[in-house]
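Work through the exercises below with the model open. Try each task before reading its solution.

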Amino acid sequence: MVGITAYGAYVPMLRLPLAAIGGGSPKPGGPEKAVANWDEDSVTMGVAAAIDCLRGVDRSTVDAVVFASTSYPFKEKQGAALIAKALDLRRDVHTADVGDTLRGGTSALRAAADAVKAGSARRVLVVASDTRMAAPRTGLEAALGDGAAAFLVGADDVAVAIDSAHAVADELIDVWRSEGDSFVHTWEDRFVVDHGYRTNVREVVRGLLEKTGLAPKDFTTLVLYGPDARAHATAVRDLGFDAKTQVQEAFFGKLGNAGAALAPLLLAAALEGAKTGQRLLLVGYGDGAEAIALSTTPQVERLEGRRGVSWHLARRAELRSYDLYLRFRQLLATEHDRRAGAGLSATKHFRDRDTDVSLIAQRCRRCGQAQFPHQRVCFTCHAKDEFDPVRLSDRIGTVKSFTFDNFAGSPNPPLVAGIVDVDGARLYLQMTDVDPKEVKLGMPVELTFRKIHEAGGTPNYFWKSTPVR
């Protein structure tokens with residue numbers, strides 16, 4: 001049996017009320033979408049979802065990473081390798097990207113299952129993450145949201161078995177983004193929905209049902225990608241599922257269309273309350289469609305207690321203005337250009353990648369003192385060159401000092417930074433997703449992988465602290 005052994009999810013804390021996009025006044029409880037902070041992108045969100053997925057898992061057992069995204073910031077640099085490094089996975093881990101299609105999340109999940117079945121990997125980490133942008137103040141901008149999901153696929157301790165799959169490929173220009181485009185483009189809505197989305201979803205689901213001999217009534221939950229709420233509801237009716245009892249909520253007006261990560265996020269949400277013996281149908285769309293039949297085992301109930309989608313949706317903070325959102329996306333001129341400067345030295349990045357990307361500190365063999373960054377002499381017992389590496393990224397820290405900097409060029413001043421104690425090591429870190437009013441000495445914080453700057457047009461990543469919530 002091959003299937004999902006663990007899952008994780010990540011939804012940015014910030015919310016943009018949809019009314020603000022049209023210039024209106026947001027109302028409490030009104031529709032909104034999740035938006036990445038200025039220091040987040042598909043990589044950082046993917047790392048966060050993967051950390052959630054790997055809680056309690058020995059990371060040395062992960063044999064491969066597959067990363068799916070349509071919005072990865074590099075055009076010629078592998079995202080899966082960067083994520084593997086941030087997670088401190090083995091040097092010989094196999095890495096692969098699935099890009100440029102909204103169907104990437106479901107395709108990556110199927111590829112992972114095939115790799116495990118073929119025996120080329122025992123455990124494969126699948127990460128899907130997207131931060132797509134549409135032109136400002138358009139209907140498409142209101143529909144898109146940001147988020148990430150991760151799944152660990154293996155043959156041992158399977159919680160959700162991957163029973164069968166079916167796919168169809170189609171060629172039509174419905175939603176696309178060309179080289180050099182910042183914004184997603186879309187053709188006329190009715191054409192996109194009728195000839196693209198509905199046609200392909202119907203065909204792929206019917207093909208899977210014929211292949212398996214199952215009917216809609218045999219499934220507990222339909223997990224269905226949808227471009228928007230209306231198209232999603234129409235597709236549910238087309239497929240013959242009961243919208244009230246059989247369909248996973250798609251979170252339109254709460255999260256938004258998270259692209260390649262939407263179907264995986266909905267699957268993660270469906271697994272939060274899953275019980276033994278349930279059957280799920282996962283359907284992704286993009287240049288065709290893909291359907292995957294899954295069934296839960298008794299192991300699924302041990303997955304309860306993870307943060308999941310519901311925790312992230314409840315953890316929200318509303319953006320103060322639409323202009324602030326535009327500044328975060330660098331769509332509004334500001335005094336400070338985050339892309340200015342010569343950029344990161346590739347040589348320095350190579351030399352410091354263990355500390356900067358994996359957040360590897362060192363622990364003294366004699367006295368047990370943790371130190372960061374690396375140095376040859378222990379500052380406690382003065383032992384020389386007697387250290388073992390230790391990963392700090394999955395530990396909880398404590399704020400020892402902090403400051404507010406209103407002149408640092410942050411798009412959302414003040415920039416909050418300070419000293420954080422993590423297992424005895426003292427780290428100077430910026431703080432993110434925080435209101436300056438809530439910062440205090442002794443506050444527990446967790447570590448999160450974020451962008452520090454984009455000098456030279458290249459993202460420079462490091463770790464920041466954020467309050468434990």
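**Exercise 1: Overall build**

Of the 469 residues of this protein, 54% count as buried. The model is a predicted one.

Task: Judge how the radius of gyration of the protein compares with the globule rule.

Solution.
- Step 1. Take stock of the secondary structure: the protein has 11 helices and 22 strands.
- Step 2. Compare the radii. The radius of gyration is 22 Å, close to the 23 Å that the globule rule gives for 469 residues, so the protein is as compact as a globular protein of that length.
- Step 3. Check the extents. Along the principal axes, the C-alpha atoms fill a box of roughly 70 × 50 × 40 Å.
- Step 4. Look at the contacts. Among those between residues at least 6 apart in sequence, 70% join residues at least 24 apart.
- Step 5. Turn to the surface. The protein exposes about 20100 Å². Carbon and sulfur atoms supply 49% of that area.

**Exercise 2: A sheet of three strands**

Task: Find the strand order of the open sheet that contains β2, and name its edge strands.

Solution.
- Step 1. Read the order: β3-β2-β14, with mixed pairing.
- Step 2. Pick out the edges. β3 (32-34) and β14 (317-318) each pair on one side only.
- Step 3. Inspect one pair. Strand β2 (residues 14-17) runs parallel to β14, and 2 bridges join them.
- Step 4. Locate a bridge partner. Leu-14 is matched with Ala-317 in β14.

**Exercise 3: Helix α3 and its cover**

Task: Determine how many residues of α3 are buried, and what covers them.

Solution.
- Step 1. Count. In α3 (residues 79-86), 6 of the 8 residues are buried, and the helix is mostly covered.
- Step 2. Name them: Gly-79, Ala-80, Leu-82, Ile-83, Ala-84 and Ala-86.
- Step 3. Find the cover. It includes α2, β4 (64-69), β5 (94-99), β6 (123-130), β21 (444-453) and β22 (460-467).
- Step 4. Examine the helix start. There, a side-chain oxygen of Gln-78 comes to within 3.5 Å of the backbone nitrogen of Ala-81.
- Step 5. Move past the helix end. Asp-88 follows α3 and has a positive phi, near 60°.

**Exercise 4: Two serines**

Task: Classify Ser-42 and Ser-182 as buried, partly exposed or exposed.

Solution.
- Step 1. Place Ser-42. This serine is in helix α2 (residues 42-53).
- Step 2. Apply the cut-off. Ser-42 has 0% relative accessibility, so it counts as buried; the limit is under 20%.
- Step 3. Survey its surroundings. Beyond four places in sequence, Ser-42 touches residues including Phe-67, Tyr-72, Pro-73 and Asp-130. A polar atom of its side chain lies 3.5 Å from the backbone oxygen of Ser-71.
- Step 4. Place Ser-182. This serine is in the loop between β9 (175-176) and β10 (185-186).
- Step 5. Classify Ser-182. At 45% relative accessibility, Ser-182 is partly exposed.
- Step 6. List its contacts. Beyond four places in sequence, Ser-182 touches Met-133 and Arg-177. Its C-alpha is 7.8 Å from that of Ala-134, although the two are 48 residues apart in sequence.

**Exercise 5: Cysteine pairs**

Task: Explain why Cys-364 and Cys-367 are not given bonds to their closest cysteine sulfurs.

Solution.
- Step 1. Recall the limit: the sulfur atoms must be within 2.5 Å.
- Step 2. Test Cys-364. Its closest cysteine sulfur, in Cys-381, is 3.6 Å away, too far for a bond.
- Step 3. Test Cys-367. Its closest cysteine sulfur, in Cys-378, is 3.6 Å away, again too far for a bond.
- Step 4. Add accessibility. Cys-364 is buried at 3%, whereas Cys-367 is partly exposed at 36%.
- Step 5. State the total: 0 disulfides by this rule.

Notes. Residues numbered from 1 in each chain as written. Predicted model: local features only at pLDDT ≥ 70, side-chain atom pairs only at ≥ 80, totals over all residues. Heavy atoms only, no water. Pairing = 2+ DSSP bridges. Helix = DSSP H or I, 4+ residues; strand = E, 2+ residues; numbered from the N terminus. Buried < 20%, exposed > 50% of the residue type's maximum accessible area, 1.4 Å probe, protein only. Polar contact = N/O pair within 3.5 Å; in protein donor to acceptor, adjacent residues only side chain to side chain. Contact = heavy atoms within 4.5 Å. Rg over C-alpha atoms; globule rule 2.2 N^0.38 Å. Areas by Shrake-Rupley, 256 points an atom, 1.4 Å probe, with all protein chains shown as cover.
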